Amino acid sequence: MGTLTEILEFPFRRASGLDPPPEFARLRKIDPVTQVRLFDGSLAWLVTKYYDVCQVATDERLSKERTRPGFPELAAGGKEAAKNRATFVDMDPPKHMQYRGMVQPIFNIEHVKKLEPYIQKTVEDLLEKMKSKGCEGGPVDLVQNFALPVPSYIIYTILGVSFEDLEFLTQQNSIRTNGSSTAREASAANQVLLDYLRRLAEERLEEPKDDLISKLMTEQVKTGKLDTTDAVQMAFLLLVAGNATMVNMIALGIVTLFQHPSQLEELKRDPSLVPAFVEELSRFHTASAMAIRRVAKEDLEIGGKTIKKGEGVIGSNLSANRDEEVFKDADKFDMHREWPERELGFGWGDHRCIAEFLAKAEMKAVFGTIFKKLPDLKIAVPFDEIEYTPLDRDVGIVRLPVTW
């Protein structure tokens, strides 16, 4: 171990559409806790090894509050967003668990199990719809027709959106997240979603139903623990926070299986392998890799380096998921691997993704069903012609043309 002589610019760019930035492997070997330069010229500590990243995610001497001086923002938009009213993801204890606890029961493993028949039906219905349209007229985009609506329909239904509005709102969400929309289009779509959720919240205050917005309005707003704006912001967060990640994980899973044909054939033959495949997919492709960011509330040590009060810290769960000292042959996709530790694709500690159980249930339904419904599914373009997300963003797939 040593110390880098130069200060690297961060975020790094991926080596290719699917491969992580090469800087991470180098840093894990020679300088696993190092300072990097951010877009505005400020410095932050980048932490790249598994156990050090776990410390960043759980050490209460580090703060998640984005308004604190020194908090590491990765772009000008993030700096602007930090001025908005905070939701629970950007709070420290005890407020974090107090607010998170308002919606946590919906995402607990017991409740997700009750949702599994609905998740399965949603996956089957969307595949049937795609199948009935057919691909005689040419390849069909799996992202737009399947990967996007699966998680969107499910989270909208949990929130309380009526079935007839699902398609329209899913398109609005797509506009606000896809790279081809203009800033004005994305902002307008954002506002459409917020206005819709506010109207829904006001309706549910008068006539509650069995959904998450009704629960927030009756248990939190009516009792004075939250105001309507907070409830709408929380609903919006749950809607948008993990949606793009899930869309990408579905598309990435399909591509990864076709890149590993022997494992694809095994999965087709033996659906009991689906849970192991989902775990490995969540390790191998970290589709939300920029969220473990903190600022030091006091001096502390991470990986032998002293972090001073007020300095920003970024824990790379992407790099941790490829840590060779934890995961054997870490750069190899292997759904049969042994697990000395859990993957960090959904984060770690109290701030671990609230919807992890839901996301994994959705992925299990998708990969356990898609090849039964479409046994001849094929990617219609060469791997190097697939349109991936920009190389300086989280790994993902913009369009995936398929036939069956």
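**Exercise 1. Which residues does Ala361 touch, not counting residues up to four places away in sequence?**

Solution. Start at Ala361 and look for contacts, meaning heavy atoms within 4.5 Å. With residues up to four places away left out, Val112 and Ile119 turn up. Next, place Ala361: helix H17, residues 356–373, holds it. Helices here are DSSP runs of H or I with at least four residues, strands are runs of E with at least two, and both are numbered from the N terminus.

A quick word on the ground rules. This is a predicted model, where local features need pLDDT of at least 70 and side-chain atom pairs count only at pLDDT 80 or more, while totals for chains, interfaces and linings use all residues. Residues are numbered from 1 along each chain as its sequence is written, and side-chain values use heavy atoms, with hydrogens and water left out.

**Exercise 2. Why does Ala361 count as buried?**

Solution. First the cut-offs: buried is under 20% relative accessible area, exposed is over 50%, and partly exposed is in between (1.4 Å probe, protein chains only). Ala361 has 10% relative accessibility, so it counts as buried.

**Exercise 3. How many residues of helix H8 (residues 149–159) are buried?**

Solution. Walk along H8 and tick off the buried ones, among them Pro149, Tyr153 and Leu159. You end up with ten of eleven, so the helix is mostly covered. Just past H8 sits Gly160, with a positive phi near 120°.

**Exercise 4. What is the strand order of the open sheet of three strands?**

Solution. Two strands pair if DSSP finds at least two bridges between them. The order is S5-S13-S10, and the pairing is antiparallel. S5 (140–141) and S10 (378–379) are the edge strands, each pairing on one side only. Now zoom in on S5 and S13 (residues 401–403): two bridges join them in the antiparallel sense. Asp141 has Pro401 in S13 as its bridge partner.

**Exercise 5. What radius of gyration does the protein have, and what would a compact globule with 404 residues have?**

Solution. Take the radius over C-alpha atoms; the globule rule is 2.2 Å times the number of residues to the power 0.38. For 404 residues that gives a value near 22 Å, and the protein has 21 Å, which agrees. Then check the extents: the C-alpha trace spans about 60 × 55 × 40 Å along its principal axes. Finally, 51% of the 404 residues count as buried, and the secondary structure comes to 17 helices and 13 strands.
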